[in-house]
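Reader: I am new to this structure and would like a close look at a single part of it, with enough of the surroundings to understand where that part belongs. Could you take one helix and what follows it, and then lead me outward from there?

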Amino acid sequence: MATPEVKSLFNVSVTTKEIIFRDEVDPSPWTADSWTSKVAAQAVQYADIDGLRQTCSLLRELPPLVSDWEVDQLRERLSHAALGSGFIIQGGDCAESFADVKWDIVKRKVDLLFAQSQILEEALQVPTTVIGRIAGQFAKPRSNLFETLPSGEVVHAFRGHNVNSEDPSEREPDHRRLLLGYMYSAAAQRMLRKMPLHLTSHASDGKKVEFSLFTSHEALHLPYEASLTHNRYNLSATTIWLGERTRQLDGAHVEYARGLRNPIGVKLGPTATPEDVVALLDVLADPAAVGKVTLITRFGRGRAQTVLPPIIDAVRRSGHIPLWMSDPCHGNTFSSPSGIKTRRVEDMLTELRETYTVHRACGSFLGGIHIEQTGDNVTECLDETVMGRDDEYLGTCYQSLCDPRLSRDQAIRLIEEFADFVRAARGRDRE
């Protein structure tokens, strides 16, 4: 059946296809709770189901954390990035801590993101949009949902502060933490709105640059996400993403995401196939919805050259125009000799360079970078300055609740070296 004509909701000019919302052409029924008919991967196991229902009822009555017009504004920006006329920097904690919702800590995270955006904007010569993994990244998937303590006791794995505590004695999932998560998210949103984010600064070429920040988190905890969904907008954040562990085509998370007007990210690991990706795009967005879906590749260094080209080709032939981003963190995680989870900055930079090169060779656009980082100088990721003393360095200031984050200095260096690589590549093209 031919796609009906729908007037652009953003009044922007795109060079190929008009931007529309999926729900305006999708005939299959959808509600914010239709996901309950599907199997939810990584579902949290609560002992008090009635209590969970009561908590979700309370959440439905609370004010939204973002507005629908902010969601629409981000949709517009992502559509431009999908077409190569914009770029996205998205970053923040692997798992936010309730204890870190403090002005100075939040401000350092935000300052880092805007410093990175200026570096990218000057190098790429396109507007750069900032998205924080902030004000809601309080729930995490885990490879193992339970862990065995040294005493032999089996407890729930830490799943983020929306679910339980990192303290082994407080691992039973507690639905009341969802209300705390909402309150801490609201506090962080209030801080962001009080910070001077919408200032106008002058770039090195004399042009004025307007900054604003959008929020995001992984849509893992579906009862929470559904409770904050109104009129097809998830108003807990401007954009959400589905993880590598929750993107099953017939699963609850895809069912929930397909009816939303928010832009949706999908993480893709090295096992993703062209058929998988096109099938997800078909469910999550109409082909005319430019940039509605963000494909976030997380292959690990040395894999983009073989895994990515057939996916790009299949997506192009499908007619979809997603936004392509690179997550150079998750595919490059390993354990140090003493078992500490870490990453190397050089591996992340290599994956960024490889991904950018593949997109250029395939006539596609790398439209953004998605990284785990913090505004403080923690010692969770390794770089060339600490070769040979990994465990000593990691033990100095390892504070992450889950996966290792780039320190502020490492995160700036990563973006600076990627920007230099892009400048050099473009310079060779002009020769």
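Author: Two residues are in contact when heavy atoms of theirs lie within 4.5 Å. By that criterion, among the contacts in the chain with a separation of 6 or more, 75% are between residues 24 or more positions apart. The model is a predicted one, and what follows should be read with that in mind.

The part to look at closely is helix H2, which runs over residues 68–82. At 1.5 Å a residue, its 15 residues should span 21 Å, and because the C-alpha atoms at its two ends are 21 Å apart, the helix agrees with that expectation. Counting a residue as buried when its relative accessible area is under 20%, one finds in H2 the buried residues Glu70, Val71, Leu74, Arg75, Leu78, Ser79, Ala81 and Ala82. When reading such a list, it helps to recall that an α-helix has 3.6 residues a turn, so residues three or four places apart point the same way. Just after H2 comes Gly84, whose phi is positive, at about 90 degrees.

Helix H3, covering residues 103–124, can be examined in the same manner. Its 22 residues should span 32 Å at 1.5 Å a residue, and the end C-alpha atoms are 31 Å apart, which agrees. Just after H3, Gln125 takes a positive phi of about 60 degrees.

A positive phi also appears in the loop between strand E8 (229–230) and strand E9 (233–234), where Asn231 lies. Asn231 has a phi near 55 degrees, a positive value in a residue other than glycine, and with a relative accessibility of 67% it counts as exposed. Arg232 lies in the loop between E8 and E9 as well, and its phi, near 70 degrees, is again a positive value in a residue other than glycine. Arg232 is partly exposed, with a relative accessible area of 23%.

Another arginine, Arg177, has its place in helix H4, residues 176–194. Arg177 is buried, at a relative accessible area of 14%. If neighbours within four places in sequence are left aside, Arg177 is in contact with Phe98, His161, Asn162, Val163, Asn164, Ser165 and Glu170.

Further along, Gly363 lies in the loop between helix H9 (345–361) and strand E16 (368–372). Gly363 is exposed, with a relative accessible area of 57%. From Gly363 to Glu244 the distance is 26 Å, C-alpha to C-alpha, while in sequence these two residues are 119 residues apart.

To set these parts within the whole, the chain has eleven helices and 16 strands. Its radius of gyration is 21 Å, close to the 22 Å that the globule rule gives for 431 residues, so the chain is as compact as a globular protein of that length. Taken along the principal axes, the C-alpha atoms fill a box of roughly 65 × 60 × 45 Å. Of the 431 residues in the chain, 59% are buried, and the accessible surface comes to about 17900 Å², with 51% of this belonging to carbon and sulfur atoms. The side chains include 49 positive and 59 negative ones, and the centres of these two sets lie 2 Å apart.

Note on methods: Residues numbered from 1 in each chain as written. Predicted model: local features only at pLDDT ≥ 70, side-chain atom pairs only at ≥ 80, totals over all residues. Heavy atoms only, no water. Helix = DSSP H or I, 4+ residues; strand = E, 2+ residues; numbered from the N terminus. Rg over C-alpha atoms; globule rule 2.2 N^0.38 Å. Buried < 20%, exposed > 50% of the residue type's maximum accessible area, 1.4 Å probe, protein only. Areas by Shrake-Rupley, 256 points an atom, 1.4 Å probe, with all protein chains shown as cover. Lys, Arg positive; Asp, Glu negative; His and termini not counted. Charge placed at Lys NZ, Arg CZ, Asp CG, Glu CD. Expected span 1.5 Å × (residues − 1).
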